[in-house]
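Dear colleague,

I am handing over a structure that you have not worked with before, and my notes on what was found in it follow directly below. Please read them with the model open beside you.

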Amino acid sequence: MLVLGFESSCDETGVALVRVPAPGSSEAPQLLAQALHSQISMHQAYGGVVPELASRDHIRRVIPLTREVLAGAGIALADVDLIAFTQGPGLAGALLVGAGVAVSLAAALEKPTLGIHHLEGHLLSPFLSADAPEFPFVALLVSGGHTQLMRVTEVGQYEILGETIDDAAGEAFDKSAKLLGLPYPGGPHLAKLALGGDPTAFDLPRPLLHSGKPDFSFAGLKTAVLTQVKRLGEAPTDLQKADLAAATQAAIVEVLVKKSMLALKMTGLKRLVVAGGVGANSVLREQLNAACAKRGVRVHYPELSLCTDNGAMIAMAAAMRLQRGMAILPPTGQGAGGFEIKPRWPLGAIS
Ligand code: KG4
Ligand code: ZN
């Protein structure tokens, strides 16, 4: 079976085609083609995502990207068996574009659709890498909007062990980067600036580090960074900025690593899966690798290009659901039915 997947929850339009092995087969679904358009340069002038511009750009990109994917895989649209799309959470207008296109195509082709939870897409994205994990595992989900530790027993079985009580890790990167005068999205820019800095040059807080629970709080860190930026005055040197970037990154990474180790200890599991945009951070990867090696834990990451939003993870999540008989498909010929988006949708609600 072939699954066409659409991602349009925020500032990336992603389309991908995945082949699903027969139900019950131990073979993994296979990514045949994918295409992505990032809106980052468009939103950069505004310092963040402008929802209305995001929606309009998704409309412009989604059909050309779909043609590119089908041509790349050498597959005709009529041969697609299931059309998956990000149903939420995300920006309502942006979600509506992916959902609208998916449901319209499905209705025209008389094929079923499947709405996918964006975070489940991130969570299952490491299954697209050469070193795919096996269930069960602890998942550290670190994106722009979410920071959660979960016990993942199977597809759709997600028990939240802990999460952030305020800002997400990606938000902490982005807000601190903005205070340092870096462009949106700040995470990768801050990481680059930090390369030339000394992480011990500033003493920044590690909120909730010793709470004994796998929960997070990053709002205080941003305030501490603001205090340091003010202290440095109008014209900080490049080295001072690099030091502050390195210290900020070190504070976020230390908390993420320590809480991941706590979640592994609590569950007794020996496998960690990292997903979401912040999972691309190389200092986080280095320190997680070291901490996991010490404890005999296997750690898995998505391919670097699949850490941030993409269509492949949505098609993959749909394929894994289909393979397990979890997707309820109306018989061919009945069309796709209505569509619904869920801008606010806790991951726990689908477990
Ligand atoms: O998962 P994602 O693409 O979007 C959401 O679903 O939110 O994550 C985007 C987040 C942004 O906050 C971005 O700054 C952060 O991931 N990010 C990074 C890096 N690459 C992306 N943060 C730190 N280091 C990176 N290399
Ligand atoms: Zn995302």
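Donors, as the word is used here, are N, O and S atoms within 2.8 Å of the metal, and since water is not among the atoms, sites may look incomplete. Please also keep in mind throughout that this is a predicted model.

The metal site

With that meaning of donor, the protein donors of the zinc ion (ligand 2) are His118 through NE2, His122 through NE2 and Asp309 through OD, and they lie 2.0 to 2.1 Å from the ion. Along the chain, the donors of this zinc ion follow the spacing H-x3-H-x186-D. Histidine 118 belongs to helix α4 (residues 118-124), whereas aspartate 309 sits in the loop between β10 (298-300) and α10 (311-323), so this pair ties together parts that are 191 residues apart in sequence. The arrangement around the zinc ion is tetrahedral, because its four donor atoms subtend angles of 92 to 132°, and four donors count as tetrahedral if all angles lie between 85 and 135 degrees. For comparison, the ideal angle at a metal with four tetrahedral donors is 109.5 degrees. Histidine 118 is buried, with a relative accessible area of 8%, and aspartate 309 also counts as buried, at 11% relative accessibility.

The helices

Helix α8 (residues 238-267) has 30 residues, which at 1.5 Å a residue should span 44 Å, and the C-alpha atoms at its ends are indeed 44 Å apart. Of the 30 residues of α8, 21 are buried, so this helix is largely enclosed by the rest of the structure. After α8 comes glycine 268, whose phi is positive, near 75°.

Helix α5 (residues 169-179) packs with helix α7 (residues 219-232) at an angle of about 15°, their axes being 10 Å apart. That angle makes α5 roughly parallel to α7, and the crossing in which α5 passes α7 is right-handed.

Two buried residues

Alanine 99, in helix α3 (residues 92-109), is buried, with a relative accessible area of 0%. Its C-alpha atom is 9.8 Å from that of isoleucine 83, and the two residues are 16 residues apart in sequence. Leucine 82 is found in strand β4 (residues 82-88) and counts as buried at 0% relative accessibility. The C-alpha atoms of leucine 82 and alanine 327 are separated by 9.9 Å, although these residues are 245 residues apart along the chain.

Backbone details to look at

Most residues other than glycine have a negative phi, and most peptide bonds are trans. Against that background, a cis peptide bond joins glycine 88 and proline 89, with omega about -15°, and proline 89 is in the loop between β4 and α3. The peptide bond from phenylalanine 135 to proline 136 is cis as well, with omega near -5°, and proline 136 has its place in the loop between α4 and β6 (137-142).

Glutamate 110 is not a glycine, yet has a positive phi of about 55°; this residue is in the loop between α3 and β5 (113-117) and is partly exposed, with a relative accessible area of 40%. Leucine 208, another residue other than glycine, has a positive phi near 60°; leucine 208 lies in the loop between α6 (186-194) and α7 and is partly exposed, with a relative accessible area of 30%.

With best regards

Methods. Residues numbered from 1 in each chain as written. Chains lettered and ligands numbered in written order. Predicted model: local features only at pLDDT ≥ 70, side-chain atom pairs only at ≥ 80, totals over all residues. Heavy atoms only, no water. Donors = N, O, S within 2.8 Å, 3.2 Å for Na, K, Ca; no water. Tetrahedral: all angles 85-135°; square planar, octahedral: opposite > 155°, others 65-115°. Helix = DSSP H or I, 4+ residues; strand = E, 2+ residues; numbered from the N terminus. Buried < 20%, exposed > 50% of the residue type's maximum accessible area, 1.4 Å probe, protein only. Expected span 1.5 Å × (residues − 1). Axes fitted to C-alpha atoms, helices over the stretch in contact; angles between N-to-C directions. Parallel < 35°, antiparallel > 145°, perpendicular 65-115°, else oblique. Left-handed = near helix turned anticlockwise from the far one by under 90°.
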